[in-house]
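Welcome! Please take a moment to look over the sequence and the 3D view below, and then read on for a short tour of how some of the pieces fit together.

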Amino acid sequence: MASSSVVSAVQWIGSQLIEEARPLFNVEEEVQGLKDELEFMQQYLQDADSRQEEKEIDAAVRQIRKLAYDAEDVIDTYILKIRRSNQRWFMRSVGVLYKFPLVYQVSEKIQLIRRSLKRVYDKFNNYGLRRDTELVSFKRQRPPSYPYDDGRFDVGLDKDLPKLLEVLTGEGKTHVNIISIIGMGGSGKTTLARKLYNHPYIVGCFNCTAWVSVSQEWSTLNILSEILREVVDPEATLANSGTSSLRVPELIGKIRSILKKKSYLVVLDDVWNREVLEEILPALPQGNVRGGNKIIITTRNRDIILFQNLQQNTYYYEPPPLSDEEGWELFHKIALDHHRHRSEASFEDLGKEMLKKCDGLPLAIVALAGILHMKDSIAEWHQVNEAIRSRGLDDIASHMYGRVGDMLALSYDNLPYYLKPCFLYLSLFPEDFKIPVGMLTRMWIAEGLVSAAGNMSLEDAAMQHLEELSHRFLIQVVRTNCKGVMKAVSLHDLLRDVALKKAKELSFLQIYSQVSELGFGDKSAFATQPRRAAIFSSNFYPAKISYDSYLRSLVLLTNSNTPKSIHNYTEPLNLMIVPQSYKLLRLLTLRGIRTVNGSLPRQIGSLLHLRYLEIRGTNITKLPGSIGKLRYLLVLDYRDIVSEDEIPIIKIPNVLGKLVLLRHLFLPIKCLWNVGELRLSALPSLQTLWGVRQDKANQQWLSREIPKLG
């Protein structure tokens, strides 16, 4: 698992060697040597990760992970100090006197890290670790095997559908208005519910439908707002649907008044506890039973329905495991259908042997087949079988989620080194979040998780990484464009749990839902120094942090699956904590937050490592001129501003032309601001310009600026 940390460090240090030639001039040789040695150590980590049950190897792996982080910290801190000294006239005048001690200190620290790496290398040799020299990049494959995109992989559902369709339409159990689909994680509950929800017969029976993902961390306000949005205008966002100012009682009343006049079908997916239903069901009138009003609930807990006599009007259904024939059909579609050379009996015999370890659970079968889909030789299949045996999967499942968890963990372990950090990064988003592909790939690039070879752009390389994750069935494609290109993806909640667990072990990232979890004033809360932090809450935000942090990414996001939404503010956020406490940030995302004065602090310009700045769905109407100091910024995403004014007045300083490395610029549309003041002709790397309308008012600006863009 250390490979995720090391590959991230290697790629970041490599980018710094290219971008920071002047600051690193005096220590360039030391930094290059450090990068080369980390890259060399990376070749041993695939074998080391597979043997971490051995205590000595586990300790060595932890040590190299810490050294990789130390290397990033030393180099980033040094560059930050050099840059700041170059911005101050007095420091420039005595530059040599100031920089000489810094050069000496960083050189000593790098040499110390390199000596420690040498000791770890000696240990690896003593432990007999194998060196993997074939660290090759992903080669694009066609056709893409997107899971769950068109029903190709919905195996074993046909036998379930007829009875459930009867119940939903009132032709069977006429007293039923709730269908509860129950099963453990990975048993196919959501797939079955989605099949029912999209069935042509059902679509014709109900004139009003809504699908809401609930998950473990749920908000009554968010769920009700989403139901109202879907029954009123499914194409609208919560930010412009007129629901953001409503509170729970108002939402309940409005939803009831709409639904009591309609025949509706509402799906509450992934419900974890009874309290959700106690607070949501009052919004759903249940008088018309025969074919009129139906609710589908998917859950792992049968007992959540056992209140208010709901069980009397509930039909319970538990999807059975796939039969041997059905399991083989699903496995074959993924692992064998597109590989003609795998038709010989040896592949089939070995595949069926491994398939027995899946216990008929669809997600476990998909995970196993996704691993083997990328393995071309029978020898590689034998290696996977041996990995299954070494994990004890012949006996009792070792993972908290049983066989499914074991197979998902094996899927992660089988990822190539360059994909592991990209996969772990997906857990940064909330459960059931529909992740926009463009946003995700831009974040990967800003974090230094993607490198490109030859003439390939970073954006193309990032898309190839995402495609390979889809080939391995580790992501679900939830939206494509007319050409079949991925536009949004999601992560199964069990896969997200696997990724979060591993990310926490690696100090790769940490998720917080309340301010109390941040432990302000208590350094032990950040004892592991996570490199990335995400705070998902509509009620809690930090007001003060009393010490510096090594965070590279900070994501502040309201607890909602809708990126543009604002919900349930309590205390406004004082953004001064960001430049004061997170000086090494590469990425800052602010979604749906409210600030004290509706502006970013001018000190934001001191975040000289910042590559990605996203401000969406906030009340921030003023950007400081100091953002012009963010000379390494690759992405500025400033959209969906929410203000008490019907058309907010936006102030964007005329400094964007200083952001010479900017690749993607997103600006607000429905706001009053003078585009004519912006000078973008100095942006040779710009690929995306979003938010400038082609109307008469902007025609002169467009004709002047656009032809000059790179």
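In this predicted model, helices α12 and α14 pack at an angle of about 30°. Angles under 35 degrees count as roughly parallel, and therefore α12 and α14 are roughly parallel to each other. Their axes lie 8 Å apart, and the crossing of α12 and α14 is right-handed.

Which residues meet here? On the α12 side they are G327, L330, F331, I334 and A335, and in α14 they meet P362, I365, V366, L368, A369, G370, L372 and H373. Sorted by class, the contact of α12 with α14 has ten nonpolar residues, three polar ones and no charged ones.

Now for the sheet. Eight strands form an open sheet in the order β9-β10-β11-β12-β13-β14-β15-β16, with parallel pairing. At the edges are β9 and β16, each pairing on one side only. From one strand to the next, the twist averages 10°. In general, strands of a sheet pair through backbone hydrogen bonds.

One pair to look at is β11 and β12, joined in the parallel sense over five bridges. Within this pair, L557 stands opposite R591 in β12.

Helix α18 lies across β10, β11, β12, β13, β14 and β15. This helix runs at about 145° to β13.

To help you find your way, here are some of the elements with their residue ranges:

| Element | Residues |
|---|---|
| Helix α12 | residues 324-335 |
| Helix α14 | residues 362-373 |
| Helix α18 | residues 437-447 |
| Strand β11 | residues 553-557 |
| Strand β12 | residues 587-591 |

Conventions. Residues numbered from 1 in each chain as written. Predicted model: local features only at pLDDT ≥ 70, side-chain atom pairs only at ≥ 80, totals over all residues. Heavy atoms only, no water. Axes fitted to C-alpha atoms, helices over the stretch in contact; angles between N-to-C directions. Helix = DSSP H or I, 4+ residues; strand = E, 2+ residues; numbered from the N terminus. Parallel < 35°, antiparallel > 145°, perpendicular 65-115°, else oblique. Left-handed = near helix turned anticlockwise from the far one by under 90°. Contact = heavy atoms within 4.5 Å. Nonpolar A, V, L, I, M, F, W, Y, C, P; charged D, E, K, R; others polar. Pairing = 2+ DSSP bridges.
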